[in-house]
Amino acid sequence: MKLTGWLGLTIAALILLGCGAAILVLIDISGGAFTLSPADLAAIRFTLVQAGLSAVGSIVIAVPLARALARRRFPGRDAVVTALGAPFLLPVLVAVLGLLAIWGRNGALSSFLEALGAPRLNIYGLTGVVLAHLFFNIPLVTRLLLQGWASITAEHFRLGHQLGFGPYVRFRLIELPMLRTVLPGAGLLVFLLCITSFAIALTLGGGPKATTVELAIYQAIRFDFDLTRAGMLAAIQTLLCLLVAGGAMLTGTPGEARAGMIRAEGAAGRDGLYLDYTIIGAAGMFLAAPVGVVILRGALTLTDLPASVVEAAIRSILVAITSAALSVTVGLAIAVGLVRLAIFRPLLARLGEGAILIVLAISPFVLATGWFILLRGHVDPFAIALPMVVGINALMALPFALRSFVPAVALAERTDGRLADMLGLTGATRLRHVLLPHMRGPVAFAAGLAAALSMGDLGVIALFGSTSTATLPLVMYQLMGAYRMEAAAGAALLLLILSFGLFAAIDRMGKTNDRI
């Protein structure tokens, strides 16, 4: 365990050095002089506007949705709350294709409007980018708010009823203080995610008026090969992300659920009953319809996919499994190192874990750009596209792994560590008998999550990919660009099945082992 701990701390230091080197080379190649063209200013402005609108829109919709779910109990409610976590694993391109099928110019809603004599919709640009971000972020904010409502005990609501408080007074005195604590952090988190969202901007944005900073970086490298401009924009992107991440870390977090959780009869009774169910139904339609359309359309062509789709699917599976294995292995070693460091230097261990978590604030695209510039004089980055995709995907999943690994390793040491010391268990024996029994569940969950996220990623591969290295999301994007929507729908359904299938299968391994 000592060797594993030192190895983990060494790996953590190398990761931080690698990320730091990528950022420094971006600043260096920009010359330190951030001379912004009108196009660059437009990209920064669009990035901030779409992220702000997405964050505000997500909050405006999620607050009444979370409140309705917290106040009501109905058959299938738990399944609905669980399904709110599904968009986190949903590949972005699958959602985009579904949104186009509903809201696009040739979508179902446009056809309905045309039948009524109204013009068809055009969601490309700011409208489409914000709409897609709402699709992904409304469930996230709703889950965060549900944790906040769960921290309010039912006794507060019963007392409010006994005192004769009306619905508005109960909301102002009981629920609003919780929202003031939760909403700033949730809003900043959504803002950060929207700043670093590449695939949505690539498919629904574009053009001078709808280009994000990440899309401008992609265009500067892929089409113009202007590394100075790419480095300058990447440095600006990183600064924006770190500022937002710092703000998010300083804001409040939801409280933990307690025994007196909200019950329908204690929280609301029949106040606003029909409004609550209308909100839940409308939100359910908005979130479920795009995925349902993709499934229906994709089922018609799933058995007749082009050979390029099948090849890309196999390649994506290998990339996803490799990325998950790397993320879990590295994460476990770092977790052991942090736990052992916490015994002697608790403050240093907390700082180290926080530094690794900051990786989430750095865009994968920015890291890829920095490493592209670092490697271009030594090796062709396009020739190592897949290893770079594996490495960056593993790195992006690492903070999620650490959040579950560190508490599990600490628990293993608290419960069995002293006995292992008395028995003289060290090395692989201690790892096998003390640590791994506590880690099966967290390892399986983290590996499944990493594999699913890697399956649906369209970021680094769009920058460095080619025909021989294309993954399934990239091939799907190419089919959409060629207006082969039937084949794209089949590829989308295959991507959906593989992403959720990998997560479910790997996560199931941990649950099965826990019962043995």
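How many of the 12 residues of H17 are buried? Nine of them are, so this helix is largely enclosed by the rest of the structure. The close-ups below come from a predicted model.

**View 1. Helix H17, residues 364-375, seen along its length.** Start with the buried residues: Phe-365, Val-366, Leu-367, Ala-368, Thr-369, Gly-370, Trp-371, Phe-372 and Ile-373. Now look at the two ends, whose C-alpha atoms sit 16 Å apart. At 1.5 Å a residue, a helix of 12 residues should span 16 Å, so the model agrees with what is expected.

**View 2. The largest nonpolar core, made up of 160 residues.** Three members touch the most others here: Leu-145, Trp-149 and Leu-395. Helix H18 (residues 385-423) supplies the largest share of this core, with 16 residues.

**View 3. A closer look at Leu-145 and its contacts.** Set aside the neighbours within four places in sequence, and Leu-145 is still in contact with Ala-62, Val-63 and Ala-66. Leu-145 also meets Met-178, Leu-179, Val-182 and Leu-183.

**View 4. The second largest pocket, holding about 600 Å³ of space.** Of the 21 residues lining this pocket, Leu-100, Tyr-124, Met-480, Tyr-483 and Met-485 are the closest to its centre. Four helices each give two or more residues to the lining: H5 (92-103), H14 (273-301), H21 (472-481) and H22 (485-515). H5 gives the largest share, five residues. Sorted by class, the lining comes out as 12 nonpolar, six polar and three charged residues.

Conventions
Residues numbered from 1 in each chain as written. Predicted model: local features only at pLDDT ≥ 70, side-chain atom pairs only at ≥ 80, totals over all residues. Heavy atoms only, no water. Core = buried A, V, L, I, M, F, W, Y, C linked by side-chain atoms within 4.5 Å. Buried < 20%, exposed > 50% of the residue type's maximum accessible area, 1.4 Å probe, protein only. Contact = heavy atoms within 4.5 Å. Expected span 1.5 Å × (residues − 1). 1 Å grid on protein atoms, 1.4 Å probe; cavity = no way out; pocket = protein on both sides within 12 Å on 5 of 7 lines; lining within 4 Å. Points joined across faces, edges and corners; volume = space filled by probe spheres on them. Nonpolar A, V, L, I, M, F, W, Y, C, P; charged D, E, K, R; others polar.
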